[in-house]
Amino acid sequence: MPIQLYDSLTRKLKPLAPSQPDGVFRFYNCGPTVYAPAHIGNFRTFVINDVLRRLLELEFGKDKVRHVRNLTDVDDRTIGQTQKEKRPLAEITKKWTDHFHADCAALNCLPPHHEPTATGYIREQVDMIQVLMEKGNAYRAADGSVYFKVSSFADYGRLSRVRERELLVTDATADSDHKNSVSDFALWKAYKPEEDGDVKWPGPRGAGEGRPGWHIECSAMSKALLGDTIDLHTGGVDLLFPHHENEIAQSQCCNGKTFSNHWYHSEHLLVDGTTMSKSKGNYYTLGDLVAKGYSPMAVRYALLLLGHPRKQLNFTLDSMHAAQKALERIYAAMDRAGKDAGLAPGDFLRLPQADTSGIKQLTQANPFHRCWLSLCGDLNTPSALGEFFAGIHAFETHGVPAQFIKGELSLALTILWVFGIGLVKPSALQANAPVAITALAQKRWVAKQTKDFASADALRKELAAAGWSMLDGKDGYKLEPVKK
RNA sequence: GGCGCGGUAGCCAAGUGGUAAGGCCGAGCUCUGCAAAAGCUCUAUUCGGCGGUUCGAUUCCGCCCCGCGCCUCCA
């Protein structure tokens, strides 16, 4: 079954397929602006795209997917930050790029095959602007900026249906400096010494020094790395207009070809029922949640599996709790299934996760195959998760024939790989107890082994008073912070 | 004002023209020196309201109520 995905342009489900003869699927995902830490709303989009990438790799082959995600390292916000901090642009963007990469790694996102930066492709952007000027799709304004002439592109507004929108003309849009029309947008922004510091490049012929507008970077980098026509372009819904609308206008006017065969937009994450904002105090970064004691993998689970990617997802701390508990259950079940398959405890961690040999051939009766179908049907992650738990349940209750269970297990692991739920031992989710606590726990363990239950109980109370509970097992114990 | 999305058990959430997946929480059971953990079982006669189409609607149509997002540089 081919992967079906909603296409924002035609507003229908469409199968994904490579369009070039080399069979490589070309996929561009609009990346972050590196001027501050990305928040969990940003990561919802990136995690969703990561699952899509994984699904594509299983469908078309690992070497038949090319995934590009850019870094916007020059724009109003990054430049604004240099002015605030009085530090060079490169220093600031490097800092936040590193931070972004660390967060992505913690969330178990596969690195894209290419991660171009806007500043690394100035030349390509300038070239493209020049072509647009030559073709009459762009014009130079009095101050040396260059604007795209929206009226020159008949198809403008098809993606966002902007023609059907009643444009809300605010002061911000009305006082547009040198544009001929409010709808026109900047391709090249003339250098302003008082705002831009030393951030400037030589402009297209006929324009002055300055820097590229935001939209042109994606058009130029997509062309440079993936060619004139790509198979899929993705991003958050907010990018649908104007960003993606403008990209289409630029690319198609410049190249004379369809820019992207498929458009996909993931919906926003809300927090406590409303948009995240610093002033509302509901603004979270990954670091904020880790500091509250949630594992990054649980954050990934919450961002991805708790709601359909094309529906707004309301994020709350309650949902984080649910995510963390459900995740622990998955790990425990996988470990047990591994034992049933004759593996030593924890050995399931070493089974190959992306073994696709079985996943497509199975019948629909297999719950893990149904996970796969859910994912292929418009990336329905919550449905896939439901099927996944049904599969776990089958493991637990009916058992699986011994010679079959490794196959079952590897299917389950394949699905987890697509989810991007990295395998960590359940104990890795536990907080580390201080030395004083481990010492007490050790003392109690000895007391228990020698059947000195009075001391053991006293020590349990002592541990509880210190905020730790001790969970006895057959061959040892675990320590957990006391639950509130 | 315009464009778009959603209202399913205490919470989150999938879903279909034929009669409600799954997760969290909660309860019971098994296990256990205690305490947990873990597993099992149970938990919506019902899908915002009112009409309509239909043999039959949560699912299709109409109206209404409520919530949310976006409308030029925010994933």
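These are my notes on a predicted model of protein chain A with RNA strand B.

**Ground rules.** Residues count from 1 along each chain as its sequence is written, chains are lettered from A and ligands numbered from 1 in the order in which they are written, and side-chain values use heavy atoms, with hydrogens and water left out. Since it is a predicted model, local features need pLDDT of at least 70 and side-chain atom pairs count only at pLDDT 80 or more, while totals for chains, interfaces and linings use all residues.

**Chain overview.** I looked up the secondary structure of chain A and got 16 helices and 14 strands. Here helices (H or I, at least four residues) and strands (E, at least two) are DSSP runs, numbered from the N terminus. Of the 484 residues, 50% are buried (under 20% relative accessible area, 1.4 Å probe, protein chains only). I also checked contacts (heavy atoms within 4.5 Å): among those in chain A with a separation of 6 or more, 75% link residues 24 or more positions apart.

**RNA surroundings.** Next I listed what is near RNA strand B, meaning residues with a heavy atom within 4 Å of it. There are 55 of them, and Arg161, Lys189, Gly236, Leu239 and Asp457 come nearest. On the RNA side, sugar and phosphate supply 65% of the strand B atoms within 4 Å of the protein. The residues near the RNA split into 16 nonpolar, 20 polar and 19 charged. My classes: Ala, Val, Leu, Ile, Met, Phe, Trp, Tyr, Cys and Pro are nonpolar, Asp, Glu, Lys and Arg charged, and the others, Gly among them, polar. Helix H13 (residues 381–397) gives the most to this surface, with seven residues.

**Polar contacts to the RNA.** I used pairs of N or O atoms within 3.5 Å.
- A polar backbone atom of Gly41 sits 2.7 Å from a base nitrogen of strand B.
- His393 puts a polar side-chain atom 2.9 Å from a phosphate oxygen of strand B.
- Arg444 has a side-chain N or O atom 3.1 Å from a base oxygen of strand B.

**The four-stranded sheet.** I traced an open, antiparallel sheet in the order S5-S6-S7-S8; strands pair if DSSP finds at least two bridges between them. S5 (138–140) and S8 (210–212) are the edges, each with a single partner strand, so one side of each has no neighbour in the sheet. From one strand to the next the twist averages 20°. Helix H4 (residues 122–134) packs on the sheet and touches S5, S6 (146–148), S7 and S8, its direction making about 120° with that of S7. For these angles, axes are lines fitted to C-alpha atoms, for helices over the stretch in contact, and angles run from 0 to 180 degrees between N-to-C directions. Antiparallel S7 (residues 185–190) and S8 are joined by three bridges, and Lys189 stands opposite Arg211 in S8.

How values were computed. Polar contact = N/O pair within 3.5 Å; in protein donor to acceptor, adjacent residues only side chain to side chain.
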